[in-house]
Amino acid sequence: SLSHVKPSVSVNRTCQDKCAKSSQQSPVANMNNPLFTLKPGKFDVVLCIDNTESTANRKSTSHFRGLLLEELNKNGVKFSVRKLSVGDFIWIAQERVDVSKGRLRLPESREVVLEYIIER
């Protein structure tokens with residue numbers, strides 16, 4: 001069992017930063033200088049589901065989506081339905097944000113797309 005393993009996620013500079021600085025720094029240097037790190041216990045893994053209709057039969061698509069969301073809820077899978085630019089399903093690491101008294105709204109959590117993108 002891997003229950004004792006506590007992963008962390010590091011976010012490296014954006015591709016634009018890498019391309020702009022490629023003549024000045026090696027890619028290895030960028031890999032060692034992440035923009036931020038999500039520490040163990042400070043993020044959730046969330047399944048993002050594309051909200052667009054990709055088939056002609058809307059009734060069967062919405063029925064399938066309803067069944068899918070019901071099963072995800074039943075199995076305790078954290079998910080978010082949103083417009084995706086790539087894929088039908090992606091896994092993300094989503095930073096947990098602290099609720100502070102006196103704030104009118106929560107700070108935005110940072111998100112990192114994980115390695116798996118699923119296209120139906």
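Colleague: In which loop is Asp-88 found?
Modeller: This is a predicted model, in which local features need pLDDT of at least 70 and side-chain atom pairs count only at pLDDT 80 or more, while totals for chains, interfaces and linings use all residues. Residues are numbered from 1 along each chain as its sequence is written, and side-chain values use heavy atoms, with hydrogens and water left out. Strands (E, at least two residues) and helices (H or I, at least four) are DSSP runs numbered from the N terminus. On that numbering, Asp-88 is found in the loop between β4 (79-82) and β5.

Colleague: Does Asp-88 count as buried or exposed?
Modeller: Buried means under 20% relative accessible area, exposed means over 50%, and partly exposed lies in between (1.4 Å probe, protein chains only). The relative accessibility of Asp-88 is 11%. Because this is under 20%, Asp-88 counts as buried.

Colleague: Which residues is Asp-88 in contact with, leaving aside neighbours within four places in sequence?
Modeller: A contact requires heavy atoms within 4.5 Å. With those neighbours left aside, the partners of Asp-88 are Cys-48, Ile-49, Asp-50, Ile-118, Glu-119 and Arg-120.

Colleague: How many residues of strand β5 are buried?
Modeller: Strand β5 spans residues 89-95 and is mostly covered. Of its seven residues, the number that are buried is five.

Colleague: How many bridges join β5 and β6?
Modeller: Two strands pair if DSSP finds at least two bridges between them. β5 runs antiparallel to strand β3 (residues 43-50), with seven bridges, and Asp-44 stands opposite Gln-94 there. With β6, β5 pairs in the antiparallel sense as well, and Ile-90 has Ile-117 as its bridge partner. The number of bridges between β5 and β6 is five.

Colleague: Which residues share a salt-bridge network with Asp-44?
Modeller: A salt bridge is a side-chain nitrogen of Lys or Arg within 4 Å of a carboxyl oxygen of Asp or Glu. Asp-44, which is buried at 14% relative accessible area, forms a salt bridge with Arg-96, the closest N and O atoms being 2.6 Å apart; Arg-96 sits in the loop between β5 and β6, 52 residues away. Asp-44 also forms a salt bridge with Lys-78, at 3.3 Å, and Lys-78 lies in the loop between α3 (58-74) and β4, 34 residues away. Salt bridges with shared partners join Asp-44 into one network with Lys-78 and Arg-96.

Colleague: Which residue meets Glu-111 in a salt bridge?
Modeller: Glu-111 belongs to strand β6, and its partner belongs to strand β4, 29 residues apart. Glu-111 is partly exposed at 35% relative accessibility, and the partner is partly exposed at 24%. The N to O distance is 2.9 Å, and the partner is Arg-82.

Colleague: What is the area of the nonpolar surface patch made by Val-86, Val-113 and Ile-117?
Modeller: Patches consist of residues with over 30% relative accessible area and no salt bridge; like charges are joined within 9 Å, and nonpolar side chains (Val, Leu, Ile, Met, Phe, Trp, Tyr) within 5 Å. Val-113 lies in strand β6 (residues 111-118) and is partly exposed, at 49%. Accessible areas come from the Shrake-Rupley method with a 1.4 Å probe, and for residues only the protein chains shown count as cover. The patch comes to about 250 Å².

Colleague: What percentage of the residues of the protein count as buried?
Modeller: The protein has three helices and six strands, in the order β-α-α-β-β-α-β-β-β from the N terminus. Of its 120 residues, the buried share is 22%.
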